[in-house]
Amino acid sequence: QLQAYGGGLVQAGGSLRLSCQASGGTFSSYTMGWFRQAPGKEREFVAAISWNVIIPRVADSVKGRFAISRDNAKNTVYLQMNSLKPEDTAVYYCAANKWGTLSSMSGYDYWGQGTLVTVSS
């Protein structure tokens, strides 16, 4: 089970850190990812990190502003979001897979419920 939290309302230029807590199993060997879905749009990849932290990947649209990290001891993955823009407004979902898939949604086995991030202009 994945529980995402940390969303909220922030002004443009501000920062938020999302967390995703995994429970009910050991996710230290899983690739963890963040996706988002804006109103009226399809869900899209944001960032992912492999179990050994060697291969973090971030979407071009957020590169330089967002960073993904994980703490395997806490079964938690984080998404640090800086310099937020109104177009970052979306429901953010965390996901996990044991295949090493990074950016493809279809490769993920487990999904959290999502946390809403709203960026005001």
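**Figure 1. Order of the strands along the chain of this predicted model.** Read along the sequence, the chain follows the pattern β-β-β-β-β-β-β-β-β-β-β, with 11 strands and 0 helices, where helices (H or I, at least four residues) and strands (E, at least two) are DSSP runs numbered from the N terminus. The radius of gyration, taken over C-alpha atoms, is 13 Å, close to the 14 Å that the globule rule (2.2 Å times the number of residues to the power 0.38) gives for 121 residues, so the chain is as compact as a globular protein of that length. Along its principal axes the C-alpha trace spans about 40 × 25 × 25 Å. Buried residues (under 20% relative accessible area, 1.4 Å probe, protein chains only; exposed is over 50%, partly exposed in between) make up 45% of the 121 residues.

Because the model is predicted, local features need pLDDT of at least 70 and side-chain atom pairs count only at pLDDT 80 or more, whereas totals for chains, interfaces and linings use all residues. Residues are numbered from 1 along each chain as its sequence is written, and side-chain values use heavy atoms, with hydrogens and water left out.

**Figure 2. The hairpin of strands β7 and β8.** Strand β7 (residues 66-71) and strand β8 (residues 76-81) run antiparallel and are joined by 6 bridges, two strands being paired if DSSP finds at least two bridges between them. Between the strands of this hairpin lie 4 residues, and Asn75 takes a positive phi near 55 degrees. In a regular strand the side chains alternate between the two faces of the sheet. In β7, Phe66, Ile68 and Arg70 form the covered face, while Ala67, Ser69 and Asp71 form the uncovered one.

**Figure 3. Surroundings of Tyr78 in strand β8.** Tyr78 is the bridge partner of Ser69, and with a relative accessible area of 13% Tyr78 is buried. Leaving aside neighbours within four places in sequence, Tyr78 is in contact (heavy atoms within 4.5 Å) with residues including Ala67, Ile68, Ser69, Arg70 and Asp71, and also with Arg17, Leu18, Ser19 and Trp34. Tyr78 and Gln21 are 57 residues apart in sequence, yet their C-alpha atoms are 9.0 Å apart in space.

**Figure 4. Surroundings of Ser19 in strand β3.** Ser19 lies in β3 (residues 16-22) and counts as buried because its relative accessibility is 6%. Not counting residues up to four places away in sequence, Ser19 touches Gln3, Ala4, Tyr5 and Trp34, together with Thr76, Val77 and Tyr78.
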